[in-house]
Amino acid sequence: QVQLVESGGGSVQAGGSLRLSCAASGDTRCIYRMGWYRQAPGKEREFVSRVDTSGSTSYADFVKGRFTISLDNAKNTVYLQMNSLKPEDTAVYYCKTSCLWSSAWGQGTQVTVSS
């Protein structure tokens with residue numbers, strides 16, 4: 001099984017930046033597509049961004065132009081560079097990995113953006 005551990009969350013003022021990391025360990029064969037999701041209190045978990053091992057990326061409209069996802073295959077780590085943060089970005093951010101036979105979620109990291 002693959003295990004995912006997110007880090008890099010914290011508190012920042014509106015307009016600031018954070019860089020989230022998600023390190024995979026265990027059965028790292030199960031890394032084909034990795035993505036970031038977020039969940040705010042009282043809201044459903046929503047897609048933020050994803051990247052696969054071919055380099056293909058995708059972004060939700062509400063983060064396009066502000067967030068950048070990248071995958072370091074050598075380190076089995078996916079990153080999410082978040083710029084121009086808004087209070088609406090406040091949420092727990094979760095990392096997810098998917099392969100043909102399985103998927104796994106990280107424990108989440110809190111991001112708080114104050115105005």
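Val111 touches Gly9, Gly10, Leu18, Leu20, Met82, Asp89, Thr90, Ala91 and Tyr93, leaving out residues up to four places away in sequence. This is a predicted model, and in it Val111 sits in strand β11. With 0% relative accessibility, Val111 counts as buried. Tyr32 is another story: 79 residues separate it from Val111 in sequence, and the two C-alpha atoms are 26 Å apart.

**The nonpolar core**

- The largest nonpolar core has 29 residues, and Trp36, Phe67, Val78, Leu80, Met82 and Tyr93 are the members that touch the most others.
- At least two residues of this core come from each of β1 (2-7), β3 (18-26), β4 (33-39), β5 (46-52), β7 (67-72), β8 (77-82), β9 (91-98) and β11 (109-114).
- Strand β3 chips in the most, with four residues.
- Tyr93 has a long list of contacts beyond four places in sequence: Glu6, Leu20, Trp36, Tyr37, Arg38, Val48, Phe67, Leu80, Met82, Gly108, Thr109 and Val111.

**A buried serine in β3**

- Where does Ser21 lie? You'll find Ser21 in strand β3.
- Ser21 is buried because its relative accessible area is 18%, and the cut-off for buried is under 20%.
- Setting aside neighbours within four places, Ser21 is in contact with Val5, Glu6, Ser7, Trp36, Thr77, Val78 and Tyr79.

**Salt bridges**

- Side chains of opposite charge can pair when their charged atoms come close.
- How many salt bridges does the count come to? The count is four.
- Asp27 and Arg29 pair up through their side chains, at 2.7 Å from N to O.
- Asp27 is buried at 17% relative accessibility, whereas Arg29 is exposed, with a relative accessible area of 65%.
- Asp89 bridges to Arg38, with 2.9 Å between the closest N and O atoms.
- Asp89 is in the loop between β8 and β9 while Arg38 is in strand β4, so this pair ties together parts 51 residues apart in sequence.
- Asp89 and Arg38 are both buried.
- Asp89 also meets Arg66 in a salt bridge, at 2.8 Å from N to O.
- Arg66 belongs to the loop between β6 (57-59) and β7, and Asp89 to the loop between β8 and β9, so here the parts tied together are 23 residues apart in sequence.
- Arg66 is buried, just as Asp89 is.
- Through shared partners, salt bridges link Arg38, Glu46, Arg66 and Asp89 into one network.

Methods. Residues are numbered from 1 along each chain as its sequence is written. This is a predicted model: local features need pLDDT of at least 70, side-chain atom pairs count only at pLDDT 80 or more; totals for chains, interfaces and linings use all residues. Side-chain values use heavy atoms; hydrogens and water are left out. A nonpolar core is a set of buried Ala, Val, Leu, Ile, Met, Phe, Trp, Tyr and Cys residues joined through side-chain atoms within 4.5 Å. Buried means under 20% relative accessible area, exposed over 50%, partly exposed in between (1.4 Å probe, protein chains only). Contact means heavy atoms within 4.5 Å.
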